[in-house]
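User: I am new to this structure and would be grateful for a close look at a single part of it. Please take one strand, examine one of its residues in detail, and then place that strand in its surroundings.

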Amino acid sequence: MPARWWLVGTAVVALASPASALAVEWTLTPRVTVSAEVTDNVRLAPRGQEDADLIGTVSPGFTLQGEGARSDTRIDYRLNSRSYLDDSRQDRTSHALRARSNWELVDDTFFVNAGASRTEQVASLLDPVGIGSSTPRGNLQETTAYSVSPMLRTRYGSFATQEVRYTYGETLYHQSNRQDSDFHRGEYVLNSGAAFNRPFWQLAGFYEEERFEDGLVGEFGQISGTLGYRFGRSLRLFGVVGEDSNNYLTTREDDDGSFWQVGAGWAPTSVTNIEARYGERYFGKNRALSVNHRSRRATYRLSYDEGVSSTRQRGGRQFDALADQLGLTVEGLFALSALFGLDVDDIDELLARFGLTDEAFVEGFYLTRSWRASWTYDTGRSVFGINLVQTERESETQTNVGLFEDNRTQRGANAFWQWRYGPRTTSLVSTGVTRTDFADSDREDDLWYLRASVSRQVTPDTTASLAVRHQRRESNSAASEYSENAIIGTLTKEF
C-alpha cells in the first residue's frame, strides 16, 4: 500500500475511535497582516548596483487549536504575498505552515502523532542571503514536510515499560530541482520500571531508511543496551554498548560496527542539570554535553553534539529547539509572540540568534559537530541575551557539486534586548554576526545585521509595529559583498 494511503488509513482509525476520546474544543483565530517596506537595495546587489524599492505585503492567516481530554492540535498557517513597486519580477507568493496533532486513542496505550510544515528556505549561502523576508526571490525555495507516527505503549507492572513506534514522512520541494525524499523509521524501547530503585537499564533499537528521488538510499540501524546507577537524587552514572548497522553512500571504509559510550548526569538542584557523554563509534569519537542552569532572573545553557545524519534528520525541529532554548513549550513560544506583537521577521530573527535557521533539505549525509551557548537575563520589563553558535559540517561523499555538497564551518554571535516599557508597548533591538568558511572554495563570508523594532497593541486584537534594519555581507569574494538598509511598518488584525 502506498505510504500516502497508509496515512489516510491511520486517520480513518482515529475517526473510528470512541466519541469521548475524540471530543475536542476548537478555537479558530483568523488574522491578516499588512506591511510596507522601503529598502535601498532590493536585490542585495553588490556595491554600485543597488536599486531602491517599495515593497507591500499582505499576509492572511489563521491559528486553529483543538484541545480535548486525550488530544492536542495546533495549526498555524500564513499566506505571504509580496509586491514590488519598481521590480515586479521579484513579486512572490509563499506559504508558511506549522501543524502538529497528538492523539491518545487508547488510554495510556495507543498514540498517534502527526506533523506538517511548509517553509521558505535559502537555496544557497553563496548567493545573497538576507534576514527576515529580504532574501531575493531567486535564492529561495519552498519545502513541504510531513510525518505521522503511531506508538504502542505496554506497561509490565512496575518491572518495565515498552514502547514501539513507527514513523513515515516525506519532504517535497516546490519549483526546485532538488530531490524529494521519504523515510520510514521503526523504534523499540524497553525501560526499567519503578521496581528498580537506584539501578536503571534500557534496551533499544531502531531502523531507518531514507530514500531520495534520484535513487540515493540511506539505511541506519542500531541496537543498544544501557545500564546505570543513581547515587542519591543528584548523581547518576551509566554505560551504553551497541551495534550500528548502516548502509549509505560514504567515502569511509566502515559505516557500521560496535560502539560504546559512558556518561554521567548531575542535578545538584532543581534548577541545575548537567549531562556529559563520551564514547567511540564508526566515525570516531562520539561526545555530547548538555548544561542548563536557572537562577531567579538568569538562564544559562551550553550544549555540544556530533553525529552522522542527513539534513532532513537534523532539520524541521527549529521551533521546538527555540522553545527549549527559551525555557518554553512551543505553545508558550507562539503565545509569547502574540503577546509581544512579534512579526515574521522577529521570529526569523529569534531562530537566527540561536543558530536554528533551517538549511535546505538536500540529498546526502553529513558528519556535523555543533556547539551552542546562551545567556538570558530577565528583569521583568527587560530581557537581555547573548548567544554563541559554531557548527562544522563535513560531507560523507565529497562531490564539490553546489553549496550543500561543500564542507563548511559557521560561527555566530548575537545579542538582543527586549524592553516592555508599557502594558501594550514593546521594543526589540538585536545585532549579530555570522562567519561562514567554505573549505572547498576558500571563500569566507561575514554576515552582519542590526535590527530595532517597536510594537504597540493598539486594540485588544490589533498590533502595529515599526522596524529599521541594517545588514551587510563582507567577503573575500568582492562580487559577493552587499549592504542594505530598510524601514518596515506592519499592522496585524485578529478576528
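Analyst: The following account begins with the reliability of the model, turns to one strand and one of its residues, and then moves outward.

The model is predicted; local features are described where pLDDT is at least 70, side-chain atom pairs count only at pLDDT 80 or more, and totals for chains, interfaces and linings use all residues. Residues are numbered from 1 along each chain as its sequence is written, and side-chain values use heavy atoms, with hydrogens and water left out.

The term pLDDT denotes the predictor's confidence in each residue, from 0 to 100. Its mean over the chain is 85, and 83% of the residues reach 70 or more. Two stretches call for caution. Over residues 11-19 pLDDT stays under 50, and the model has five contacts beyond four places in sequence for them, where contact means heavy atoms within 4.5 Å. Over residues 400-405 pLDDT also stays under 50, although the model has 22 such contacts there. Where pLDDT is low, the predicted coordinates should not be read in detail.

The part chosen is strand β6, which covers residues 140-156 and contains Ser-149. Strands (E, at least two residues) and helices (H or I, at least four) are DSSP runs, numbered from the N terminus. Of the 17 residues of β6, 12 are buried, so the strand is largely enclosed by the rest of the structure. Here buried means under 20% relative accessible area, exposed means over 50%, and partly exposed lies in between, for a 1.4 Å probe and protein chains only.

β6 has a neighbouring strand on each of two pairings, where two strands pair if DSSP finds at least two bridges between them. Strand β5, residues 110-122, is joined to β6 by 13 bridges, and the two run antiparallel. Within this pairing, Phe-111 stands opposite Met-151 of β6. Strand β7, residues 160-174, is likewise antiparallel to β6 and joined to it by 13 bridges. Val-148 has Tyr-168 of β7 as its bridge partner. β6 and β7 form a hairpin with three residues between them, and Gly-157 in the turn has a positive phi of about 55°. In a regular strand the side chains alternate between the two faces of the sheet.

Ser-149 itself is buried, with a relative accessible area of 6%. Its contacts, leaving aside residues up to four places away in sequence, are Phe-111, Val-112, Asn-113, Arg-165, Tyr-166 and Thr-167. Phe-111 is therefore both a residue that Ser-149 touches and the one opposite Met-151, a link that rests on contact being defined as heavy atoms within 4.5 Å. The side chains of Ser-149 and Arg-165 are joined by a polar contact of 2.8 Å. A polar contact is a pair of N or O atoms within 3.5 Å; within protein, one must be able to donate a hydrogen and the other to accept it, and residues adjacent in sequence count only if both atoms are side-chain atoms. A polar atom of the Ser-149 side chain also lies 3.2 Å from the backbone oxygen of Tyr-166.

Just outside this region is the loop between β4 (92-106) and β5, where Asp-108 is found. Asp-108 has a positive phi of about 55° although it is not a glycine, and it is partly exposed, with a relative accessible area of 27%.

Further strands show comparable pairings. Strand β8 (residues 181-192) and strand β9 (residues 199-212) run antiparallel and share 11 bridges, with a hairpin of six residues joining them. Leu-190 stands opposite Leu-203 in β9. β9 is also antiparallel to strand β10 (residues 217-231), through 13 bridges. Four residues separate β9 from β10 in a hairpin, and Gly-215 in its turn has a positive phi of about 105°.

Finally, the interior may be considered. A nonpolar core is a set of buried Ala, Val, Leu, Ile, Met, Phe, Trp, Tyr and Cys residues joined through side-chain atoms within 4.5 Å. The largest has nine residues, including Phe-212, Tyr-282 and Leu-367. Apart from it lies another core, of seven residues, among them Leu-44 and Leu-125. Leu-44 is buried, with a relative accessible area of 2%, and is found in the loop between β1 (24-39) and β2 (53-68). Its phi is near 50°, a positive value in a residue other than glycine.
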